[in-house]
Amino acid sequence: MDVKEIVLDTLKKSSKPLKAGEIAQAAGLDKALVDKAIKELKKEEKINSPKRCFYCAVN
């Protein structure tokens with residue numbers, strides 16, 4: 001599993017939008033890697049940001 005898949009999976013399992021730091025902590029990843037994955041996932045429209053700095057998976 002690559003970082004993007006782990007981030008997306010973590011967001012899908014969460015019942016609420018998460019910050020990048022919370023995603024990194026829950027997934028056991030470095031925050032810099034999570035930030036990069038979030039940027040790519042937003043481009044691919046697999047996640048969105050309901051409010052500033054919070055992210056959730058697109059259903």
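# A walk around the helices and loops

Let's start out at the surface: Glu45 counts as exposed, because its relative accessibility is 65%, and the cut-off for that label is over 50%. Before going on, keep in mind that the model you're looking at is predicted. Glu45 sits in the loop between α3 and β1, the strand at 47-48. What is the phi of Glu45 like? The value is near 60 degrees, which is positive, and Glu45 is a residue other than glycine.

Another loop residue makes a nice companion to this one. Cys53 isn't a glycine, yet it has a positive phi as well, at about 70 degrees. You'll find Cys53 in the loop between β1 and β2, where β2 covers 56-57. Is Cys53 buried, partly exposed or exposed? With a relative accessible area of 42%, Cys53 is partly exposed, since that label covers the values between the 20% limit for buried and the 50% limit for exposed.

While you're in this part of the chain, have a look at Lys51 and Phe54. The charged end of Lys51 sits over the ring of Phe54, and the distance to the centre of that ring is 4.6 Å. How many aromatic pairs does the structure hold? The count is zero.

Now for the helices, beginning with α1, which runs over residues 3-13. How does α1 meet α3, the helix of residues 31-43? Their axes come within 9 Å and cross at roughly 80 degrees. That angle makes α1 roughly perpendicular to α3, because the label applies from 65 to 115 degrees. On the α1 side, the residues that take part are Val3, Lys4, Val7 and Leu8, and they meet Leu33, Val34, Ala37, Ile38, Glu40 and Leu41 of α3. Sort the residues of this contact by type and you get eight nonpolar, two charged and no polar.

Two of the α3 residues in that contact are worth a closer look. Take Ala37 in helix α3: its relative accessible area is 3%, so it is buried. What does Ala37 touch, once neighbours within four places in sequence are left aside? The answer is Val3, Lys4 and Val7, and these three are among the α1 residues that meet α3. For a sense of distance, Ala37 and Leu18 are 19 residues apart along the chain, and their C-alpha atoms are separated by 14 Å. Leu33 also lies in α3, but here the relative accessible area is 42%, so Leu33 counts as partly exposed. From Leu33 to Ala20 is 13 residues in sequence and 9.7 Å in space, C-alpha to C-alpha.

Also in α3 is Lys43. Is Lys43 buried or exposed? At 69% relative accessibility, Lys43 counts as exposed. Its C-alpha atom is separated by 21 Å from that of Leu29, which is 14 residues away along the chain.

Back to α1, which has another partner in α2, the helix of residues 20-27. These two pack with their axes 10 Å apart, at an angle of about 100 degrees. α1 and α2 are therefore roughly perpendicular to each other. Which residues meet here? From α1 come Ile6, Val7, Thr10 and Leu11, and from α2 come Ile23, Ala26 and Ala27. This contact divides into six nonpolar residues, one polar and no charged. Val7 is a residue to remember, as it appears in the contact with α2 and also in the one with α3.

Thr10 is placed in helix α1. Its relative accessibility is 15%, so Thr10 counts as buried, the cut-off being under 20%. Neighbours within four places in sequence aside, Thr10 is in contact with Leu18, Ile23, Ala26 and Ala27.

Leu11, also in α1, is a good place to finish. At 3% relative accessibility, Leu11 counts as buried. What does Leu11 touch, not counting residues up to four places away in sequence? Its contacts are Leu18, Ile23, Ile47, Tyr55, Cys56 and Ala57. Of these, Ile23 belongs to α2, while Leu18 is also a contact of Thr10. Tyr55 is 44 residues away from Leu11 along the chain, and the C-alpha atoms of the two are separated by 7.6 Å.

How values were computed:
Residues are numbered from 1 along each chain as its sequence is written. This is a predicted model: local features need pLDDT of at least 70, side-chain atom pairs count only at pLDDT 80 or more; totals for chains, interfaces and linings use all residues. Side-chain values use heavy atoms; hydrogens and water are left out. Rings of Phe, Tyr and Trp (its six-membered ring) pair if their centres lie within 6.5 Å; planes under 30 degrees apart count as stacked, over 60 as edge-to-face and the rest as tilted. A charge sits over a ring if NZ of Lys or CZ of Arg is within 6 Å of the ring centre and within 35 degrees of the ring normal. Axes are lines fitted to C-alpha atoms, for helices over the stretch in contact, and angles run from 0 to 180 degrees between N-to-C directions. Helices (H or I, at least four residues) and strands (E, at least two) are DSSP runs, numbered from the N terminus. Angles under 35 degrees count as roughly parallel, over 145 as roughly antiparallel, 65 to 115 as roughly perpendicular and the rest as oblique. Contact means heavy atoms within 4.5 Å. Ala, Val, Leu, Ile, Met, Phe, Trp, Tyr, Cys and Pro count as nonpolar, Asp, Glu, Lys and Arg as charged, and the others, Gly among them, as polar. Buried means under 20% relative accessible area, exposed over 50%, partly exposed in between (1.4 Å probe, protein chains only).
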